[in-house]
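Colleague: Could you please take me through one part of this predicted model in detail, beginning with a single residue and working outward to its surroundings? I would be grateful for one connected account that I can follow on the structure.

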Amino acid sequence: MSLPRTCIIGAGSSGIATAKVLHQRGLPFDCYEKSDRVGGNWVHRNKNGMSACYRGLYINTSRGRMAYSDFPMPAEYPDFPHHSQIAAYFERYVDHFGFRRAIRFETGVERAVRRADGRFDVTLSSGETKTYDALAVANGHHWDPRWPEPAFPGHFDGVQMHAHEYDEPDAWKDANVLVLGMGNSAMDIAVEASYVAKKTFLASRRGAWIVPKHMFGRPLDTIITDPRVPFRIRRRIGETLLALTAGSPTNYGLPMPDHRFGSAHPTISGRILDRLSHGAIEYRPNIERLEGKQVRFVDGRVEDVDVIVYCTGYKVTFPFFDPSFVSAPDNDLPLFRRVFHPAYPNLFFVGLLQPLGAIMPLAEAQSEWIAEYLQGEYALPSRREMEGDVARERDTMFDRYVASPRHTMQVDFDDYLMDLDAERARGRRRARDVRFAKVR
């Protein structure tokens, strides 16, 4: 019996994890990548124009927690490596496991259509159309900028840009720069701007919990990680540790978050609090309106501003799908354990989740799961059972997290891996039962 052939869209950190697993298991596949190299979002000035990587970017998850399980990052890497080191790591990963020839570079997927027989017709940027038994989507979710919706009233005579366009602050010498947002990119950009600009303002709609990269000399993401400890206890420990180290955001002129720690994606920065405490960055509340070369904030203050950087996140989009087939309005796409589409069992999504931790090991585990399914070692539950599981997962997530397009696919790193292991074990039992029934 011939094995199913899979099309993998994208050779970023998630796509290469899938390609490596299928390659090792002898499952046939083709991987298509718009760029001329692997690494996706971690490639500075990526040829495909989709990378949000800027010159001064460092990872905010530690190297040990970001690495694939069977390919550690070099011991000489720092705890939080530079993007160039991460990109080099991905290149070595592909060559170490020997599947580079299976990646077709500078070739995009223009259209993917599910046929009546369930297979996919995939049209490439070269004009070719190929047919596949399964489709693994690994096109990333940090490349299609989300701008403020609705746009702020008024007009602005200075420079407006999205964080996706940002690379370095050198052009901002003697300028007044306003960074809008409270996520990791906003903090990084505000810090970099503060060393060059005349004035740097940081504004946001709501507050956020800001945590340092290290606690007690250890990377933050190596502390309180055991998923067997109930979340309420882990949250309480996290709140205590944060109070003992960084303290309240109000100590730095920031607003108090309107949610408990762990109910929104935290902001990880080892530098922002230092710059705020020295007055190099000034906080302002949300923008009320734009007034030429000035910005009016909701508290009535008005500031002269030359540059506005919108760190307002990204849209989850699949340009190769007809929106009536699969889309993610407001970044919301219900999936069984963030991988399988309940209606289309041969359509997989890899890395389409927002963990409290790194995506790479999760994408690797997802890929192993997909491979087990393709080989017949794992059997899915019924569509009704999958939809029920999805509904329960979403109820739990929405009950915990702040309502926002940023919090539609949240998972806890270690909890997700533990739950996925349990589901894979259940699916292997289902597969054995099916084989036993057929033999009997």
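**A histidine and its surroundings**

Modeller: His-83 has a relative accessibility of 5% and therefore counts as buried, since the limit is under 20%. This residue belongs to helix 3. Which residues does His-83 touch, leaving aside those up to four places away in sequence? They are Trp-42, His-44, Cys-53, Tyr-54, Arg-55 and Leu-57. Another residue, Phe-413, lies 330 residues from His-83 in sequence, and the two C-alpha atoms are 21 Å apart.

From His-83 we may follow the helix itself. Helix 3 covers residues 83-97, and its axis comes within 10 Å of the axis of helix 1, residues 13-24. The two axes cross at roughly 10°. Angles under 35 degrees count as roughly parallel, and helix 1 and helix 3 are therefore roughly parallel to each other. Which residues make this contact? Helix 1 contributes Ser-13, Ile-16, Ala-17, Lys-20, His-23 and Gln-24, while helix 3 contributes Phe-90, Tyr-93, Val-94 and Phe-97. Sorted by class, the contact between helix 1 and helix 3 has 6 nonpolar, 3 polar and 1 charged residues.

Beyond helix 3, the chain enters a loop that leads to strand 3 (103-105), and Phe-99 is placed in this loop. Is Phe-99 buried or exposed? Its relative accessibility is 1%, so Phe-99 counts as buried. Apart from residues up to four places away in sequence, Phe-99 touches Ile-16, Ala-19, Lys-20, His-23, Tyr-93 and Val-94. Among these, Ile-16, Lys-20 and His-23 of helix 1 and Tyr-93 and Val-94 of helix 3 also take part in the contact of the two helices. Lys-20 shows how the fold joins separate parts of the sequence: Phe-99 and Lys-20 are 79 residues apart along the chain, but their C-alpha atoms are 6.7 Å apart in space.

We now return to Cys-53, one of the residues that His-83 touches. At a relative accessibility of 5%, Cys-53 is buried. A disulfide is a covalent bond between the sulfur atoms of two cysteines. How many disulfides does the structure hold? The number is 0. For Cys-53, the closest cysteine sulfur is in Cys-311 and lies 15 Å away, which is too far for a bond, given that a disulfide needs two sulfur atoms within 2.5 Å. For Cys-7, the closest cysteine sulfur is in Cys-31, at 8.1 Å, again too far for a bond. Cys-7 is buried, with a relative accessible area of 0%.

Cys-7 leads to strand 1, residues 6-9. Both faces of this strand are covered: Thr-6 and Ile-8 on one side, and Cys-7 and Ile-9 on the other, are all buried. Which strands pair with strand 1? Strand 7, residues 134-137, is joined to strand 1 by 4 bridges in the parallel sense, and here Ile-8 stands opposite Ala-136. Strand 2, residues 29-33, likewise pairs with strand 1 in the parallel sense over 4 bridges, and in this pairing Thr-6 has Phe-29 as its bridge partner.

Two open sheets complete the picture. One sheet has 5 strands in the order 10-21-11-12-17, with parallel pairing. Strand 10 (159-162) and strand 17 (282-284) are its edge strands, each pairing on one side only. From one strand to the next, the twist averages 20°. Within this sheet, strand 11 (residues 176-180) and strand 12 (residues 199-203) are joined by 5 parallel bridges, and Val-177 has Thr-200 as its partner in strand 12. Helix 4, residues 184-194, packs on this sheet and touches strand 11, strand 12 and strand 21 (307-310). The direction of helix 4 makes about 165° with that of strand 12.

The other open sheet has 4 strands in the order 9-18-19-20, and its pairing is mixed. Strand 9 (154-156) and strand 20 (302-304) each have a single partner strand, so one side of each is left without a neighbour in the sheet. Here the twist averages 35° from one strand to the next. Strand 9 runs parallel to strand 18, residues 287-292, and 3 bridges join them. In this pairing, His-155 stands opposite Glu-291 of strand 18.

Technical notes: Residues numbered from 1 in each chain as written. Predicted model: local features only at pLDDT ≥ 70, side-chain atom pairs only at ≥ 80, totals over all residues. Heavy atoms only, no water. Axes fitted to C-alpha atoms, helices over the stretch in contact; angles between N-to-C directions. Parallel < 35°, antiparallel > 145°, perpendicular 65-115°, else oblique. Contact = heavy atoms within 4.5 Å. Nonpolar A, V, L, I, M, F, W, Y, C, P; charged D, E, K, R; others polar. Buried < 20%, exposed > 50% of the residue type's maximum accessible area, 1.4 Å probe, protein only. Pairing = 2+ DSSP bridges.
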